[in-house]
Amino acid sequence: MDLFSNLALGFYTAASPENLFFCLVGVLLGTLVGVLPGIGATATIAMLLPITFQLEPVSSLIMLAGIYYGAQYGGSTTAILINMPGESSSAVTAIDGYQMARRGRAGAALSIAALGSFFAGTVSTFLVAIFAIPLTVIALKFGAAEYFSLMIVGLVSSVALAHGSIVKALAMVVLGLLLGLVGTDIYTGAPRFTLGIREYADGLNFVAVAVGVFGVAEILRNLEGEKTRTVLMSKVSGLWPTREDFKRMVGPVLRGTVIGSALGILPGGGAILAAFASYTVEKRISDKPQEFGQGAIAGVAGPESANNAGAQTSFIPLLTLGIPANPVMALMVGAMIIQGIVPGPNVAAEQPALFWGIIASMWIGNLMLVVLNLPLIGLWVKLLTIPYYVLFPIIMAFCSIGVYSVNSNVYDLYAVAFFGFVGYVLVKLRCEPAPLLLGFVLGPLLEENLRRAMILSRGDPTTFVTRPISAILLLIALAVLVVVFLPSVKAKREEVFQEED
Amino acid sequence: MRSLTFDSTNALCGAVFIGLGGFFIYQSLNLDIGTALRMGPGYFPLVLAIILALLGVVILVQSTRVEGEPFGPIALRGMAFILPAPIVFGLTVRGLGFVPSLFLIALIAAFASARMKAPMAVVIAIAITLFSVVVFSYALGLPFQRFGPWVRF
């Protein structure tokens, strides 16, 4: 069977000593930043992107992917032990996980989270492997019009899932698209929005924008009100869940995996939404709903499985269509482009080792996380006591080195400072930066496909609705937009994001 | 620090987007717009910029109807020390070279937190510099000059 020979190739690639090493580095770094509240996976990947350019493409993508799902694991540790989500996707885990910890069951909560995540990771890795090829086949039929419509779906969904005001999120997407257009026009060679600075003729450096908007802005936000964290317990005992615990976690884990996998595929979706959806479902179908919020096992097992499954399956649109589902995937697109790989349906055919290697590495990385994390929990807890002010100079130094190493262009460093400032201002104005980054990555692609589609259709804009796939995609985008603006959904949406804060 | 209300946050936000939209509209008008069939370099950006400005207007109008929420503290000290770090690195990395330049920016960024003490900052900056030189310069082999022309005798 094709699937198995492909997976075999993947495991062969991912299991080379070098790739194993970078996978390990990735998951450890990911756990590290996941554990530390305030520094998210997006910021870390943005900062570490440049460093990976020195590596082979496969190793670099394996490591970046490892950071992403490692952060999901690490985030839950913080959520359980100090009632503060290390990652936004583990916000739900904090509700019941922390209550379990207060009752002296921190160990069980941590291992339930880890085992649930591992199971979900395994299932969703297989899902990625199974769906990747058929979707690639469909994607190869896509023309310019379909690509344009697909990107519209992605952008609209990212708006729907952003925090806060929808109008602001739309404005952020548009601003991101505009920033993405800075540089030389591909058809005519005319410089656009470069303000006469020749160094920006190739466009704004993606890494500089990402590091500025996510990394630097996040540091500034951390510096606003410096707080000291208290760790609930320094010693965690009784790691292994009891037989009773196991019995009670099976259902939630299975349902969480299904919910997470489904929501992860949606553009703009991913881990955060999956965790919330799973918690809601578990609470609704539970025969003891009053337990939720008091340390229910299902309230830890379900969302933890869901966020991990969502994190994995959000690779599907990236690997098959080249369309990022969330900001982290947008960063992966950036990483692929700089490595000289054009993300999209051709990757599977042209670079099978890379494609399947990444998929296989996800499972290996998940295994590493389970094996490593439970024994290392003591170490992660100690990390929480490191004062933050030590981290800021470290991060700034690595950012600067990293950004400069991409092109040895000092203007990229000025762009980091500029976008750090812009990012911080936008955060203060309650604008979510995620849609901006997605727009920035998709801007040039969107314009290119729009112009190409218009030329192919001889200037007839109905081409987007007369081609069936394109029409369906645009209908989906429209439906999403209508749904978010419905008053009832709008109220519910605000409620969900309220809980998250 | 004066505490602003949610209204003014949104009003400011709308104004910022209108301003940015206006800037991009102005810049796009200097480019060739073209036709829908053969779009010039200015066509797509102009459309986007107009949408951005319109969204800014919507946010501005909405801001008059929403209840207030505080603006929160602003990390002025953070901005004063964090933002210059990459700029200083950009200005000095070619002249001073990788090692002194990195030490300098680590030291600057260290003072972003009000809790940092001077001796501690120096220790951290030295540690970061040593680590980075070993990892980036020697192990990963990034092609940076360790010491630049300004500090060579």
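Q: Helices (H or I, at least four residues) and strands (E, at least two) are DSSP runs, numbered from the N terminus; in which helix of chain B does B:Asn10 lie?
A: B:Asn10 belongs to helix α1 of chain B, which covers residues 6-29. This is a predicted model, in which local features need pLDDT of at least 70 and side-chain atom pairs count only at pLDDT 80 or more, whereas totals for chains, interfaces and linings use all residues. Residues are numbered from 1 along each chain as its sequence is written, while chains are lettered from A and ligands numbered from 1 in the order in which they are written.

Q: What makes B:Asn10 count as buried?
A: A residue is buried if 20 or more other C-beta atoms, placed from the backbone, lie within 10 Å of its own, exposed if 12 or fewer do, and partly exposed in between. B:Asn10 has 25 C-beta neighbours inside 10 Å, and therefore counts as buried. In space, its C-alpha atom is 24 Å from that of B:Arg77, a residue 67 places away in sequence.

Q: Why is B:Thr92 called partly exposed?
A: B:Thr92 has 19 other C-beta atoms within 10 Å, so the residue is partly exposed. B:Thr92 is placed in helix α4 of chain B.

Q: Which residues does B:Thr92 touch, not counting those up to four places away in sequence?
A: Two residues are in contact if their C-beta atoms, placed from the backbone, lie within 7 Å. On this basis B:Thr92 touches B:Ser101 and B:Leu104. B:Gly148 is 56 residues from B:Thr92 along the chain, and their C-alpha atoms are separated by 8.9 Å.

Q: How do you know that the length of helix α5 of chain B agrees with expectation?
A: The expected span of a helix is 1.5 Å times one less than its number of residues. Helix α5 of chain B has 13 residues (98-110) and should therefore span 18 Å; its end C-alpha atoms are 18 Å apart, which agrees.

Q: What makes α5(B) mostly covered?
A: Of the 13 residues of α5(B), 10 are buried. Among them are B:Phe98, B:Leu102, B:Ala106 and B:Ala109. The elements that cover these buried residues include α17 of chain A, together with α3 (76-82), α4 (84-92) and α6 (118-139) of chain B.

Q: Why is the largest nonpolar core said to lie between two domains of chain B?
A: A nonpolar core is a set of buried Ala, Val, Leu, Ile, Met, Phe, Trp, Tyr and Cys residues joined through C-beta atoms within 7 Å. The largest such core has 220 residues, and A:Val211, B:Leu52, B:Ile82, B:Ala106 and B:Ala109 have the most contacts inside it. Helix α6 of chain A (residues 106-140) gives the most to this core, namely 16 residues. Domain 1 (6-62) and domain 2 (76-151) of chain B both give residues to the core, so the core lies between them. Domain bounds come from an automatic or database domain assignment. The C-alpha centres of these two domains lie 38 Å apart.

Q: With which residues is B:Leu52 in contact, leaving aside its neighbours within four places in sequence?
A: The contacts of B:Leu52 include A:Ala171, A:Val174, B:Phe17 and B:Phe24.

Q: How many residues does each chain bring to the contact between chain A and chain B?
A: Chain A gives 53 residues and chain B gives 60 residues. On the side of chain A, the largest share comes from α17(A), with 12 residues. By class, that side has 36 nonpolar, seven polar and 10 charged residues. Here Ala, Val, Leu, Ile, Met, Phe, Trp, Tyr, Cys and Pro count as nonpolar, Asp, Glu, Lys and Arg as charged, and the others, Gly among them, as polar.

Q: What makes A:Arg430 notable in its backbone, and where is it found?
A: A:Arg430 has a positive phi of about 60 degrees although it is not a glycine. This residue is found in the loop between α18 and α19 of chain A. A:Arg430 has 17 other C-beta atoms within 10 Å, so it is partly exposed.

Q: How many helices and strands does each chain have?
A: Chain A has 22 helices and two strands, whereas chain B has six helices and zero strands. Buried residues make up 60% of the 501 residues in chain A, and 37% of the 153 residues of chain B count as buried.
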